[in-house]
Amino acid sequence: MRINNLPQEFKKALPVIDKLNQAGYEAYFVGGSVRDCILNLPIHDVDIATSAFPAEIKEVFEKTIDVGIEHGTVLVLHQDESYEITTFRTESTYQDYRRPDHVDFVRSLEEDLKRRDFTINALALNAQGQIIDLFHGLEDLQNKRLKAVGIAAERFQEDALRMMRGLRFVSQLGFDLEEKTQAAITTHAPLLSKISVERICIEFEKLLLGQNVQQAFQLFIATDCFKYCPELSDKRHLLRQMSEILRFPIEDLSVAWGLLIDQIAIDSKHQKAFLKEWKLSNQRIHEVLLLREALEIIKQRPLDVLDYYQLNETCLTQLFYIAPFYDLALSKESLLNQYRLLVIHSLKDLAINGNDLMRALNRRGGLWLKETLAHCERAVLLKEVANEREALLNYAQEFVNLRNKTAD
């Protein structure tokens with residue numbers, strides 16, 4: 001197969017390939033960029049593999065950075081672009097099921113390609129646009145089939161994370177998982193216990209946001225990979241129930257996590273701890289927990305003014321995205337308009353602050369101050385008093401007087 005009109009990303013990198021070729025070395029575009037080119041998908045990273053050893057790469061190019069030279073990778077700077085160039089290599093045994101003990105540099109493209117994970121990622125593209133396909137990757141692309149290179153069990157013993165990557169590719173590409181590859185994942189799923197949560201989480205999140213999430217999620221359960229993810233080992237039945245509602249893609253990562261903790265019945269007291277187990281950022285955790293609060297309300301009744309005040313535009317947009325999974329009909333425009341119509345959006349928007357109250361009422365701070373500000377805040381939101389300084393100070397004085405009488 002020949003690609004007659006190379007994508008711009010490849011065209012920009014051709015001088016790098018040409019320079020290696022002119023120096024007497026083989027050089028090819030490899031990996032996901034070749035796959036995505038054939039599938040007419042956006043190309044993100046252009047990776048180059050070469051028969052030149054790292055020291056030889058550095059002799060060919062003026063500007064290089066040693067980003068992973070012990071594994072054969074040199075970063076080449078060319079015309080405001082940077083390209084990772086990796087020497088053809090074979091790898092030793094994998095004691096930790098993730099990284100090889102050591103790598104051996106070789107001159108053979110075939111030796112390099114046969115160590116890769118899946119056939120659709122074991123394709124190479126030369127400067128003339130010719131595809132080099134040594135493991136029937138083109139056939140698997142045509143048949144929308146995800147198949148391990150060579151013996152699947154060996155590929156997953158080398159790098160256990162490849163099992164989660166495979167499920168992620170099913171979700172992103174809409175491919176079917178080849179039978180022997182699926183069987184090997186099921187057999188070797190326990191090796192995921194050797195992989196860091198952070199790396200598993202990256203692949204899991206990409207799976208959740210894929211266009212074919214339902215099929216991939218069902219495979220996540222069927223292959224037992226879920227058993228080796230934080231807090232999911234005893235949730236098979238609930239995960240199966242969740243797979244039934246994944247009828248369409250998930251548009252947002254916080255929505256994905258919100259769906260998960262709702263569907264597997266993580267109670268409100270343990271939701272934050274669950275998300276921390278997955279090593280999510282504090283910002284992500286905050287978004288998910290706020291979304292869960294909004295979802296619980298909307299399941300029971302429409303949002304009121306005070307509900308909107310506790311939320312924000314990001315959360316309301318996420319609420320719109322999550323609603324269809326519960327057969328709830330919400331309007332994104334209406335949700336955002338209702339929020340924007342609030343008189344104030346935070347305590348900072350109130351026309352008075354704590355210092356104003358202490359001066360006007362000639363009192364020192366204390367619990368009364370917090371209670372009075374909250375009372376004024378609520379009254380402004382409910383339009384019981386105008387958000388104006390004098391009106392609020394009078395309203396606050398009345399509240400404090402009443403508060404003192406009640407205390408007496």
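**Exposure, helices and domains in a predicted model**

Reader: What is the relative accessible area of Ile65?
Author: Ile65 counts as partly exposed because its value falls between the limits (buried is under 20% relative accessible area, exposed over 50%, with a 1.4 Å probe and protein chains only). Ile65 belongs to strand E3, residues 64-68 (strands are DSSP runs of at least two residues, helices of at least four, numbered from the N terminus). This is a predicted model, where local features need pLDDT of at least 70, side-chain atom pairs count only at pLDDT 80 or more, and totals for chains, interfaces and linings use all residues. Residues are numbered from 1 along each chain as its sequence is written, side-chain values use heavy atoms, without hydrogens and water, and the relative accessible area of Ile65 is 40%.

Reader: Which helix holds Gly32?
Author: Gly32 is among the residues of a UniProt "binding site" annotation from an unreviewed entry. At 23% relative accessibility, Gly32 is partly exposed. The helix spans residues 32-38 and is H2.

Reader: Is Arg162 buried or exposed?
Author: The "binding site" annotation in the unreviewed UniProt entry also includes Arg162. Arg162 lies in helix H7, residues 161-173. With a relative accessible area of 8%, Arg162 is buried.

Reader: How far apart are the C-alpha centres of domain 1 and domain 4?
Author: The domain assignment, automatic or from a database, places domain 1 at 1-143 and domain 4 at 347-405. Domain 2 (144-249) and domain 3 (252-342) are also assigned. Between the C-alpha centres of domain 1 and domain 4 the distance is 66 Å.

Reader: What share of residues 250-395 is helix?
Author: The unreviewed UniProt entry annotates residues 250-395 as "domain: CCA-adding enzyme C-terminal". The end C-alpha atoms of this stretch are 47 Å apart. Strand makes up 0% and helix 63%.

Note on methods. UniProt positions are given in the numbering used here, feature names are shortened, and annotations may be inferred rather than shown by experiment.
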